[in-house]
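Hi,

Here is the structure I promised to pass on. Please load it before reading on, since the notes below are easier to follow with the model open.

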Amino acid sequence: MTASFPRAFTLSDFDFELPPELIAQHPAAQRSGSRLLDGSTSAVVDRIFNALPGLLNPGDLLVFNDTKVVKARIFGEKASGGKLELLIERVLPNHEVVAHMKVSKKPLIGGKMFMVGGARNGGFDAVLLGRWPDANGQLFHLKLSDEPHTLMEKHGHVPLPPYITHTDSEEDAQRYQTVFARAPGAVAAPTAALHFDEALLAALDARGVQRASVTLHVGAGTFQPVKTENLADHTMHREWYEVPEATQQAIAACKARGGQVVAVGTTTVRTLESWAKFGQASGDTQIFITPGFEFQMVDRLITNFHLPKSTLMMLVSAFAGYEHIMGLYRHAIANQYRFFSYGDAMLLTRTEKN
């Protein structure tokens, strides 16, 4: 008998043509009024997101990412007057942060930056301590003149994804945040969870669907393009996660009663599968999920539509099968679904063949 091996996927396999007008620039009028492409079986069905309770069973467990998006984008200037922009990726002790920096010429180590006019003018100062070693030199280590979360809340802007073209507004401050956001630290929203509102959560409770939470602080690396045709050559970005003891117990109870663990978003998948694979309930993860990955925790997945050639396209293909996913994307484009962060969603079931 001839041995069979999983197909060797390359970056080009995850490309597709997306009409620009399908990239959602604003959220749906109502969170749960978005469309839901039900790809949980071979029979693809177009639904509205508030139909979700009827698609789950009593005793199933929905697991959410309760991270909270912070106003991490802040504008300022160097001592020379050159304009710059910081995107604070991670808060460290002692008023220190790790950040992306957009500037024509990087300041010298020890150089001071005047954010929002600087401390003397109602803003704050930042001093460059050096490059951050864990990100291939792409991030910078800075010390701020006050507590970072306080400064971001007062002076920062909502860090909208690069494909959303408008300046952040009050609408974005409300809608680029889940209704159950709790733990500040994300620079990108766990977008599948944006579709849930209080009425839908109440309907899920009435259905007997259980709920639990994990935390993964989504980093800007989630938008980082994969540039290597050979997937094995890609270096995955690093993000901090935690699986609380109560959630661990809820998952064990769900499995014991024969329920399904339903991850809300790819960040929840990455969190739960990192815990399962490495045995650590908290810490940093660089897990890279591609076809052939053996899932241990997640049975079903609610997710938005993802960028071509992205690591998230690879993750959902690993979860639900490459051919099935590409078929769902063709259906979504043909039927004018809205894509990316403010777009519509899919419901998927794990397959053993990917």
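Below is what turned up on pockets, cavities and helix packing.

One thing first: this is a predicted model, so please read everything here as computed from it.

**Pockets**

Let's start with the largest pocket, which has a volume of about 1200 Å³. It is lined by 47 residues, and Glu 89, His 100, Gln 138, Ala 220 and Gly 221 are the closest to its centre. If you want to find your way by secondary structure, look at β5 (73-78), β6 (83-91) and β7 (96-103), the elements that give two or more residues to this lining. β6 gives the most, with five residues. As for chemistry, the lining of the largest pocket splits into 21 nonpolar, 14 polar and twelve charged residues.

The second largest pocket holds about 260 Å³ of space. Its lining has 13 residues, with Lys 68, Val 69, Val 70, Glu 153 and Gln 177 nearest the centre. Here β4 (67-69), α1 (148-155) and α2 (170-175) each put in at least two residues, and α1 has the largest share with three. By class, the lining of the second largest pocket comes to seven nonpolar, two polar and four charged residues.

**Cavities**

How many cavities of 30 Å³ or more does the structure hold? There are three.

The largest cavity has a volume of about 300 Å³. Of the 27 residues that line it, Thr 191, Thr 222, Thr 266, His 306 and Leu 312 lie nearest the centre. α5 (266-278), β16 (300-304) and α6 (311-320) each supply at least two lining residues; the largest share is from α5, with three. You'll find 13 nonpolar, twelve polar and two charged residues around the largest cavity.

The second largest cavity has about 80 Å³ of space. Its lining is Pro 27, Ala 28, Gln 30, Arg 31, Ser 34, Arg 175, Leu 194, His 195, Ser 341, Tyr 342 and Gly 343. That gives four nonpolar, five polar and two charged residues for the second largest cavity.

**Helix packing**

α5 and α6 turn up again here. Their axes come within 11 Å and cross at roughly 70°. Angles from 65 to 115 degrees count as roughly perpendicular, so that is the label for α5 against α6. The crossing of α5 past α6 is left-handed. On the α5 side, Thr 266, Val 269 and Arg 270 meet Leu 312, Leu 315 and Val 316 of α6. This contact has four nonpolar residues, one polar and one charged. Two names may look familiar: Thr 266 and Leu 312 are also among the residues nearest the centre of the largest cavity.

Next comes α6 with α7 (residues 322-334), where the axes come within 7 Å and cross at roughly 120°. That angle makes α6 oblique to α7. From α6, the contact uses Met 313, Val 316, Ser 317 and Ala 320, while α7 brings Tyr 322, His 324, Ile 325, Met 326 and Tyr 329. The class count is seven nonpolar, two polar and no charged residues. Val 316 of α6 is worth picking out on screen, as it takes part in the contact with α7 and also in the one with α5.

That's the lot for now. Shout if anything looks odd when you open the file.

Cheers

Methods. Residues numbered from 1 in each chain as written. Predicted model: local features only at pLDDT ≥ 70, side-chain atom pairs only at ≥ 80, totals over all residues. Heavy atoms only, no water. 1 Å grid on protein atoms, 1.4 Å probe; cavity = no way out; pocket = protein on both sides within 12 Å on 5 of 7 lines; lining within 4 Å. Points joined across faces, edges and corners; volume = space filled by probe spheres on them. Helix = DSSP H or I, 4+ residues; strand = E, 2+ residues; numbered from the N terminus. Nonpolar A, V, L, I, M, F, W, Y, C, P; charged D, E, K, R; others polar. Axes fitted to C-alpha atoms, helices over the stretch in contact; angles between N-to-C directions. Parallel < 35°, antiparallel > 145°, perpendicular 65-115°, else oblique. Contact = heavy atoms within 4.5 Å. Left-handed = near helix turned anticlockwise from the far one by under 90°.
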